[in-house]
Every structure is written in C-alpha cells, then in structure tokens.
Amino acid sequence: MKKFLNLGSQPLANSYIKKNNLKNKEKKFKLEVGFNKKNYLVSIVNTVPKEKMFNNEYPYKSSESKTMRKSFKDLAKKIKKYYKPKFIIEIGSNDGAFLKNFNKKKVVGVEPCKNLAKLTIKKKYKTYSEYWNLNLAKKITNSKKADLIYSANTLSHIKKLDEIFRAINYSLSRNGILILEDPSLLSCIKNVAYDQFYCEHIYVFSAIALKNVLKKFNLEIFDIQNTKTHGGSNRYFIKKKFNKIYKVKKSVRKEINRELKFGLNKFSTYKKFSSKVRESKKKLFNIFLKLKKEKLKVIGYGATAKSCTVLNYCQVGANFIDYFYDTTSYKIGRYLPGSKIKIKKYKKLNKKKVDIAFLGAWNFKEEIFKKEKNFIKSGGKFITHIPTPKII
Ligand code: TYD
C-alpha cells in the first residue's frame, strides 16, 4: 500500500468524553490513508482493534435521522417488490432502522454493539450481538441459507474483507443476492471529503476495488445505484457468478468508466486529492480565525465522527467553537474527542443567540437547512468545508 494522505494524530472518532474524564490522556493513533495499486483499494494505514470501537457504547443510531429512516423504508419496499425474499440477514443492523420494515419471522440482524442490539432484541427481532465472520455465518445459516443479505455502512468498517465475503458466500443461497451500501470513493474524492477517513472507516470503496475483492469469491456486481446518503454513496447489487437470473446491468460499466475516467486507478489522483486536503485545512482555519476576530458567536451543528477528524486535523478547538448541538442522547453532555468541545442538547437555531454554525453533519445538509429555515431567513449562516471551506 502506498500512503498519500496524513491526517495527523487522531483520537478515536466516536469516543465522546465524559466531563469527569476531560483531564485524562486520550488514546491517539496516526491517521494515514493509502492506495493499493494491485486491487485499487483505498484504506487507512493503521487500524484500531474493533473491540475499542464497536462495543457496548456505540453512539450512532440510524433511526435518529429522518433521511436514513426514509432511505431504508424506500429500499425495503423495493426489495419486497422485486426480490420477495423469504430470509434476510442484515449485517450491522444498528438500532433496527432497516429491519423494522420487515416481518420479524423473515429477518435476522447482526450487530456487535450490544447497546444497539438490545434495542432490536427488545422489539423481538432476532439479533446476534456478534461480529460477522464465518463461524457466525455457519451458526445462522447452517440449515437454511439467506436469499438476501443487506449491509449498509458496515463492511467498510471491517478489516478482514476476505473473511467477510467468505462468510457471505457461505450464507447466501444459490440465487441469493447481497446488497451493499457504502460511501462512494468517487464522491469522497470529488467532494474533498477527507473526513470520510477515520478509525472506523477502514475502507472507502470504489466499484473498481470492490469488483477485484469480490472476484476471489466468485461474486459479481450486477447493478449499481448512486444514492445521496452520506454525501454520495453507492448501492451495489451482488450475486454469485453462476446465478443467471440477474443480468449484469449497464449501470455497472457506467460507474466503472466514471471511476476510471476520474483516475481512481491511479496514484497521481490521490496525490492531487491530498494537496487539495492541505489547502482545505488552511482555508477552514482562516475562516474560523476571521470569525473569531469579528467576535461572532460560532457553534457546531452535528457532533459527527467526521467533525472530530476535521477539527483535529485543522486544529480548530474550543477557542473557535463555543459548543456543538446534537440530537443524539448519548453524545449530549459529553465532549468531542481531541478538540474537547462541549456537546449540548439540540435546540432550533436562533439568530439572537448564534451567528454561524459549523456544519459537522454536512451529509444531512438538506434536512438541516429545512429544519433551520427561520435561522437562515433571519440572516443566520453556516460554515461548511465540503467541497471547499466557505460560509453559506
Ligand atoms: P453521521 O452522519 O452518522 O456522522 P458520522 O458517521 O460522521 O458520525 O451522524 C450525524 C450526527 O449529526 C448525529 O450525531 C446526529 C447529528 N444530527 C443532528 O444533531 N441534527 C440533525 O438534524 C441531523 C440530521 C443530524
């Protein structure tokens, strides 16, 4: 793997700090990103043990976002209509935002974060609170294979891709399909969204890389849909190679050609990206500096893992941002890792109290702008770093 980006020393992005622990030294790791010339995979160089990230205290709940709830609901409808699956497995079922759209008898969740698995178990959805691997696959599908496996924003968090796909291959019925959904590398590079890289996001997938990884397991992509989720994601429809029920659609070639045209197969593309990231850092820092000089009241909106990466990389701390608003109960009252900015319970923005908000959850920009239309009407502004740092 050849390194192309250095995002400095970073804490674990989802390790929100309790007030009593503010003085404790945080565990940090070197966040660097590299490109594998052989299979085109882009991944972080140093990984953190999974147990440190996905445990009993995972803060993110998919159901808390309207955008995500709608995206899962729409997809579930399509799945029922086109594929009529009798047995579905979801890998990374989180708090059940996808599962809950299906009959309890037809679906099984896999969620190693115990605090989240508890929520779906309580609602009587069969959920295995374990990491996805071959042993678990054998346990779940020893007697009956799944005709649909779904996984959103999860497989890119798992280091051993071979183990994942071996297990999927085992669990999937002969004509079964796998639907994967993850941030798209092409969107990430085009948007200079370097904050997609953090401890949990071991990979940001491209179609060309995924194709290479799947080849080994006789799995093949037969359709790709671009979605708006998380700033631009791809939904990959995958089947076993010998399954002739589904033809490979034109969308696959189209996406691959788009990626090749942009140069996702070339190291020079990533070097260019890296210099754009360094420029972005300078610009963002200067914006915060200017706002500080103007004595404006600046807060953060959406205490995301992504914000953690951006703020630590750009050295923007509590001296520039008073506090963050977030809707997630787990995060409220805690502090952002590294920058140690306080997270408060979300209130609708009010221009009398806030001049400008840093859009930490830029991937939910549309949802947020709709919610804060009064703030915007009364002259309130946002700072975003995507695709280039600016005030909007
Ligand atoms: P997410 O997009 O998953 O980011 P990451 O994976 O980088 O952590 O998280 C979105 C965060 O933003 C989550 O903590 C909830 C918060 N949020 C708000 O506070 N208000 C909102 O209106 C929205 C859409 C999100």
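**Chatting through a predicted model**

Biologist: Which element gives the most to the shell around the ligand?
Modeller: That is α11, which gives three residues to the shell around the ligand. Elements here are DSSP runs numbered from the N terminus: helices are H or I runs of at least four residues, and strands are E runs of at least two.

Biologist: Before we go on, what kind of model is this?
Modeller: This is a predicted model, in which local features need pLDDT of at least 70 and side-chain atom pairs count only at pLDDT 80 or more, while totals for chains, interfaces and linings use all residues. Residues are numbered from 1 along each chain as its sequence is written, and side-chain values use heavy atoms, with hydrogens and water left out.

Biologist: Thanks! Which residues come nearest to the ligand?
Modeller: There are 18 residues around the ligand, and A305, D326, K331, N363 and K371 come nearest. To count as near, a residue needs a heavy atom within 4 Å of the molecule.

Biologist: And what is the mix of classes in that shell?
Modeller: The shell has seven nonpolar, six polar and five charged residues. Nonpolar covers Ala, Val, Leu, Ile, Met, Phe, Trp, Tyr, Cys and Pro; charged covers Asp, Glu, Lys and Arg; the others, Gly among them, are polar.

Biologist: How far is an oxygen atom of the ligand from the side chain of K331?
Modeller: An oxygen atom of the ligand sits 2.6 Å from an N or O atom in the side chain of K331. For T327, a polar backbone atom is 3.0 Å from a ligand oxygen, and for Y198 an N or O atom of the side chain is 3.3 Å from a ligand oxygen. A polar contact is a pair of N or O atoms within 3.5 Å.

Biologist: How much of the ligand does the protein cover?
Modeller: On its own the ligand has 560 Å² of accessible area, and the protein covers 93% of that. These areas come from the Shrake-Rupley method with a 1.4 Å probe. The elements that give two or more residues to the shell are α10 (305-314) and α11 (365-371).

Biologist: Let's switch to pockets. How much space lies in the second largest one?
Modeller: The second largest pocket holds about 890 Å³ of space. It has 27 lining residues, and T67, K228, T229, N363 and E366 are the closest to its centre. On a 1 Å grid over the protein atoms alone, a pocket is an open set of points with protein on both sides within 12 Å along at least five of seven lines, and lining residues have an atom within 4 Å of a point.

Biologist: Which element gives the most to that lining?
Modeller: α2 does, with seven residues of the lining of the second largest pocket. At least two residues each come from α2, β10 and α11. By class, that lining has five nonpolar, eleven polar and eleven charged residues.

Biologist: How many cavities of 30 Å³ or more are there?
Modeller: The count comes to one. A cavity is a set of grid points where a 1.4 Å probe fits but cannot get out, and a volume is the space filled by probe spheres set on points joined across faces, edges and corners. The largest cavity has a volume of about 40 Å³, and D95, G96, K100, T120, K123 and Y125 line it.

Biologist: New topic: what joins I386 and P387?
Modeller: A cis peptide bond, with omega about -5°. P387 is in the loop between β16 (381-384) and β17 (390-391). Most residues other than glycine have a negative phi, and most peptide bonds are trans.

Biologist: What is phi for K84?
Modeller: Phi of K84 is near 40°, a positive value in a residue other than glycine. K84 is in the loop between α2 (66-82) and β4 (88-91). N218, also not a glycine, has a positive phi of about 55°.

Biologist: Is K84 buried or exposed?
Modeller: K84 counts as exposed because its relative accessible area is 59%. Buried means under 20%, exposed over 50%, and partly exposed in between, with a 1.4 Å probe and protein chains only. N218 is partly exposed at 47%.

Biologist: Last one: how far apart are V252 and F222?
Modeller: Their C-alpha atoms are 6.5 Å apart in space, with the two positions 30 residues apart in sequence numbering. V252 lies in helix α8 (residues 250-262) and is buried, with a relative accessible area of 7%.

Note on methods. A polar contact is a pair of N or O atoms within 3.5 Å; within protein, one must be able to donate a hydrogen and the other to accept it, and residues adjacent in sequence count only if both atoms are side-chain atoms.
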